[in-house]
Amino acid sequence: TNASRLDAEASASLIEAGLDYLVVSCDAVSRESYKLYHGVDRYERVMSNLRSFAETRRRLRSRFPFFDLQFILMKENVGEMDRLRKLAADLGANKLSLLALDEGDANYHLDPDVSSKEDLLPADEALRMDWSLLDLSKPCRLPFEQAVLRYSGTVLPCVSDQGHEHVAGSLFAAEGERRSFEEI
């Protein structure tokens, strides 16, 4: 989730439903970079929702869901890593994932001020994805370890399938055709 709809009620519902793992994409820890990357100014709502989620989890004394705060490193947000670490600690995140920008995820063609992915990548080469390290001869484990359930009920093999090219199924199919997540 990007946490824009993760209010107190949604947080309580997810926790009480027994959700095991929650990944929150948080690619900005300032209003300026949030607006830059998202094109809208929902920074305060998202931060309020994250605090509400953390407080609800504490109040319900739940260890679950496991809370993974993910941050994609880009040119304009690398200077926010210290603030991000503090935010993760304050929220009680179980894991803080710093991710290199995947050029396949970079929607630079949607922004008229960004002419190429180079305009988004951090200047420090060490913070960029090294595609030469990717071993394509090994099978991908992500569908078995990190499948994604979209709000629409669509099940995807991983978060990188943003174009929904490899849909595994849907939880919300026609009444007679519904399948469980495990079946899909």
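What does the secondary structure of the protein chain come to? Five helices and six strands. Keep in mind that this is a predicted model. Reading from the N terminus, the elements go α-β-α-α-β-α-β-α-β-β-β. Here's a quick tour, starting with the whole chain and then moving to helix α3, a loop glutamate and a small sheet.

**The chain overall**
- The protein chain has 184 residues, and 33% of them are buried.
- Take the contacts between residues at least 6 apart in sequence: 57% of those join residues at least 24 apart.
- The accessible surface adds up to about 12,000 Å², with carbon and sulfur atoms holding 50% of that.

**Helix α3**
- Helix α3 covers residues 43-59. With its 17 residues, α3 spans 24 Å from first C-alpha to last, close to the 24 Å expected at 1.5 Å a residue.
- Quite a few α3 residues are buried, including Tyr43, Val46, Met47, Leu50, Phe53 and Ala54. Polar names turn up among the buried ones too, such as Asn49, Ser52 and Thr56.
- The cover over these buried residues includes α1 (8-17), β1 (21-25), α2 (31-38), β2 and α4.
- Just after α3 comes arginine 61, with a positive phi near 50°.

**How α3 meets α4**
- Helix α4 takes in residues 81-91, and it packs against α3 at an angle of about 35°, the two axes lying 9 Å apart.
- On the α3 side, the contact is made by Tyr43, Met47, Leu50, Arg51, Ala54 and Arg58; on the α4 side, by Arg83, Leu87, Asp90 and Leu91.
- Sorted by type, that contact has six nonpolar residues, four charged ones and no polar ones.

**Glutamate 76**
- Look for glutamate 76 in the loop that links β2 (66-73) to α4.
- Is glutamate 76 buried or exposed? Neither quite fits: its relative accessible area is 47%, so it counts as partly exposed.
- Beyond its neighbours within four places in sequence, glutamate 76 touches Ser33, Leu36 and Tyr37.
- Glutamate 32 sits 44 residues away from glutamate 76 in sequence, yet their C-alpha atoms are 9.2 Å apart in space.

**The β4-β5-β6 sheet**
- Three strands, ordered β4-β5-β6, make an open sheet with antiparallel pairing.
- Strands β4 (148-149) and β6 (169-170) are the edges, each pairing on one side only.
- β4 is joined to β5 (residues 154-156) by two bridges.
- Across that pair, leucine 149 faces valine 155 of β5.

Notes. Residues numbered from 1 in each chain as written. Predicted model: local features only at pLDDT ≥ 70, side-chain atom pairs only at ≥ 80, totals over all residues. Heavy atoms only, no water. Axes fitted to C-alpha atoms, helices over the stretch in contact; angles between N-to-C directions. Helix = DSSP H or I, 4+ residues; strand = E, 2+ residues; numbered from the N terminus. Contact = heavy atoms within 4.5 Å. Buried < 20%, exposed > 50% of the residue type's maximum accessible area, 1.4 Å probe, protein only. Expected span 1.5 Å × (residues − 1). Pairing = 2+ DSSP bridges. Areas by Shrake-Rupley, 256 points an atom, 1.4 Å probe, with all protein chains shown as cover.
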